[in-house]
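Q: I've got a structure open on my screen and would like to zoom in on one spot. Could you walk me through it in plain language, and then show me how it fits into the rest?

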Amino acid sequence: MPRYTPEQLERRNASVWTKVQGILAPIQFVMFLAGLTVTWLYQSHIWIDNFYWITFFVTLKTLMLVLIFVTGGFFEQEVFGQFAFAPEFFWEDFGSAIAMIVHISYFILFFIGLDENTLIWTALLAYLSYLVNAAQFVIRLLLEKHNERKLKQQRG
């Protein structure tokens, strides 16, 4: 079932926030890959021997996640009239909120002073939560592109 009405589709295609999301999403994916790689290298005792780098990349990834959530809210406001959790984007926003909670929990655990092993597993869980959420967005994007093609074919 299409997520956008024809009017919403026009607003989506004209929105600057659509372009912003299209730029930020691949940057966030690169940060995810970099953070995951650094975490693996640290655990494997290859090249990375300072735990600082894990926290650095979790920090970058968390900041990017917050930036994408906020700009996504502007997108939803412009297209659907609601800043977050618009019915058409509820599950994507829910997944983003879960990912944000897991990312932020890393810092809570860090400041509490938990051991590196717990922090590493929390970082990996944060990356997994992002990956699931990103996959959710990609699947919905592909389904919507398919619906757009069907709509264009119906118009003639």
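The close look I'm after is at tyrosine 106, in helix α4: what does tyrosine 106 touch?

A: A quick word on ground rules. This is a predicted model, where local features need pLDDT of at least 70 and side-chain atom pairs count only at pLDDT 80 or more, while totals for chains, interfaces and linings use all residues. Residues are numbered from 1 along each chain as its sequence is written, and side-chain values use heavy atoms, with hydrogens and water left out.

Let's start with the surroundings. The protein chain has five helices and zero strands; here helices (H or I, at least four residues) and strands (E, at least two) are DSSP runs, numbered from the N terminus. The C-alpha atoms fill a box of roughly 60 × 25 × 25 Å along the principal axes. Of the 156 residues, 38% count as buried, where buried means under 20% relative accessible area, exposed means over 50%, and partly exposed is in between (1.4 Å probe, protein chains only).

Now for your residue. Tyrosine 106 sits in α4, which spans residues 90-112, and it is buried, with a relative accessible area of 0%. If you skip residues up to four places away in sequence, tyrosine 106 touches Phe51, Ile54, Thr55, Val58, Leu119, Thr122 and Ala123; a contact here is heavy atoms within 4.5 Å. For a sense of scale, glutamine 153 is 47 residues from tyrosine 106 in sequence, and their C-alpha atoms are 48 Å apart.

One of those partners, threonine 55, belongs to helix α3 (residues 52-80). Threonine 55 counts as buried too, at 13% relative accessibility. Looking back from its side, and ignoring neighbours within four places, threonine 55 is in contact with Tyr106, Phe107 and Phe110.

Tyrosine 106 is also part of something bigger. Tyr106 is among the residues that touch the most other members of the largest nonpolar core, which has 17 residues; the others are Tyr42, Phe51, Ile54, Val58, Ala123 and Tyr127. A nonpolar core is a set of buried Ala, Val, Leu, Ile, Met, Phe, Trp, Tyr and Cys residues joined through side-chain atoms within 4.5 Å. Two or more residues of this core come from each of α2, α3, α4 and α5, and α5 gives the most, with six. In soluble globular proteins, nonpolar side chains tend to be buried together.

Tyr127 is worth a glance as well. Leaving aside neighbours within four places, tyrosine 127 contacts Phe32, Gly35, Leu36, Thr39, Phe57, Val58 and Lys61. Apart from this core lies another one, of seven residues, including Tyr4, Leu9, Val79 and Ala86.

Tyr42, another of those core residues, is one of the buried residues of α2, as are Phe32, Gly35 and Thr39. The buried residues of α2 pack against α3 and α5.

Back in α4, there's a charged residue to check out. The side chains of glutamate 92 and arginine 140 meet in a salt bridge at 3.5 Å, N to O; the term means a side-chain nitrogen of Lys or Arg within 4 Å of a carboxyl oxygen of Asp or Glu. Glutamate 92 lies in α4 and arginine 140 in α5 (residues 116-155), so the pair ties together parts that are 48 residues apart in sequence. Glutamate 92 is buried, at 0% relative accessible area, whereas arginine 140 is partly exposed at 28%. A search of the whole structure turns up one salt bridge.

What about the outside? Phe29, Leu33, Leu125, Leu128, Leu131 and Val132 make a nonpolar surface patch of about 520 Å². Patch members have over 30% relative accessible area and no salt bridge, with nonpolar side chains (Val, Leu, Ile, Met, Phe, Trp, Tyr) joined within 5 Å and like charges within 9 Å; accessible areas come from the Shrake-Rupley method with a 1.4 Å probe, and for residues only the protein chains shown count as cover. Both α2 (16-43) and α5 supply at least two residues of the patch, and α5 gives the most, with four. Leucine 125, for example, is in α5 and is partly exposed at 47%.
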